[in-house]
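I opened this entry to go through the helices, the charged pairs and a few single residues. My notes follow in the order I looked things up.

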Amino acid sequence: MNKKSIVAIERIISCINELSILTKGRDDNYFYDSFEMIALLDLIYEIDRNINKISPKIKEKYSTIDWNVIENRKHIDEKTGERWNSMNIGKAWELASGVIKDELLDKLNKLLENELPIYYTSYCNKIHENAMKERNE
């Protein structure tokens with residue numbers, strides 16, 4: 001696992017937590033009738049951007065995670081079949097109010113539990129090797 005993937009996963013987890021806080025105790029009508037839907041959309045797209053930053057190796061290793069949870073809900077042009085980088089408000093509410101959390105949060109936390117010790121052991125070993133090389137020169 002690389003640092004870029006770690007940072008992306010940590011950012012996704014942070015955005016999911018923010019969505020949970022923003023939607024707690026509120027229903028879809030609250031967001032449909034307010035300007036705060038923009039905040040939900042921004043967080044959803046931030047999650048989407050960070051999913052795209054995760055290395056293909058990690059996505060393959062953790063193939064049980066639905067990496068396309070957002071992509072699959074984007075608008076598809078009926079004429080061309082092209083997937084747009086947009087979605088309808090109903091799909092955004094569905095994602096923000098629980099789908100993203102249900103699909104990703106626990107799995108990403110488990111992924112970090114598995115991968116962070118490996119990453120930092122490797123990182124520390126490289127630092128040690130470099131220090132030993134410099135010392136011996």
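**Helix α3**

I began with α3, which is mostly covered: eleven of its 15 residues are buried. The model is a predicted one. I listed the buried positions of α3 as M37, L40, L41, L43, I44, Y45, E46, I47, D48, N50 and I51. Two acidic residues, E46 and D48, are on that list, and I come back to both below.

I then asked what the buried residues of α3 pack against. They pack against α1, α2, α4 and α5.

I checked the length of α3 as well. The end C-alpha atoms of α3 are 21 Å apart, which agrees with the 21 Å that its 15 residues should span at 1.5 Å a residue.

**Helix α1**

I did the same for α1. The helix has 21 residues and reaches 30 Å from its first C-alpha to its last, close to the 30 Å expected at 1.5 Å a residue. I noted S5, I6, A8, I9, I12, I13, C15, I16, L19 and T23 as buried in α1. Many of these positions recur at short intervals, and I wrote the usual reminder beside them: an α-helix has 3.6 residues a turn, so residues three or four places apart point the same way.

The buried residues of α1 pack against α2 (28-32), α3 and α5. Just after α1, I found G25 with a positive phi of about 75°.

I looked at T23 separately. T23 lies in helix α1 and counts as buried at 9% relative accessibility. A polar atom of the T23 side chain lies 2.8 Å from the backbone oxygen of L19. Leaving aside neighbours within four places in sequence, I found T23 in contact with F31, L40, W93, A96 and S97. One of these, L40, is among the buried residues of α3.

**Salt bridges**

Next I turned to the charged side chains. How many salt bridges does the structure hold? The structure holds nine, and I followed three of them in detail.

The first I took was R11 with E46, where the closest N and O atoms are 3.3 Å apart. This pair links distant parts of the chain, with R11 in helix α1 (residues 3-23) and E46 in helix α3 (residues 37-51), 35 residues apart. R11 counts as partly exposed, at 29% relative accessibility, whereas E46 is among the buried residues of α3. Setting aside neighbours within four places in sequence, I found E46 in contact with R11 and C15. The pair does not stand alone: R11, E18, E46 and R49 are linked in a network of salt bridges.

The second was K74 with D48, whose side chains meet at 2.6 Å, N to O. K74 sits in the loop between α4 (56-61) and α5 (89-136), and D48 in helix α3, 26 residues apart. Are these two partners buried or exposed? Both K74 and D48 are buried.

The third was E115 with K61, the closest N and O atoms being 2.7 Å apart. E115 lies in helix α5 and K61 in helix α4, so the pair ties together parts that are 54 residues apart in sequence. I compared cover on the two sides: E115 is buried, with a relative accessible area of 4%, while K61 counts as exposed at 51% relative accessibility.

**Y62**

E115 led me to Y62, since a polar contact of 2.6 Å joins the side chains of Y62 and E115. Y62 is placed in the loop between α4 and α5 and counts as buried at 14% relative accessibility. Apart from neighbours within four places in sequence, Y62 is in contact with W67, L111, N114 and E115. I also noted the C-alpha separation of Y62 and L111, which is 7.8 Å for residues 49 apart along the chain.

**Surface patch**

Last, I looked at the surface. Which residues form a nonpolar patch there? Y120, Y123 and I127 do, with about 290 Å² of accessible area together. I placed I127 in helix α5 and recorded I127 as partly exposed, with a relative accessible area of 45%.

Methods:
Residues numbered from 1 in each chain as written. Predicted model: local features only at pLDDT ≥ 70, side-chain atom pairs only at ≥ 80, totals over all residues. Heavy atoms only, no water. Salt bridge = Lys/Arg side-chain N within 4 Å of Asp/Glu carboxyl O. Helix = DSSP H or I, 4+ residues; strand = E, 2+ residues; numbered from the N terminus. Buried < 20%, exposed > 50% of the residue type's maximum accessible area, 1.4 Å probe, protein only. Contact = heavy atoms within 4.5 Å. Expected span 1.5 Å × (residues − 1). Patch = residues over 30% accessible without salt bridge, like charges linked within 9 Å, V, L, I, M, F, W, Y side chains within 5 Å. Areas by Shrake-Rupley, 256 points an atom, 1.4 Å probe, with all protein chains shown as cover. Polar contact = N/O pair within 3.5 Å; in protein donor to acceptor, adjacent residues only side chain to side chain.
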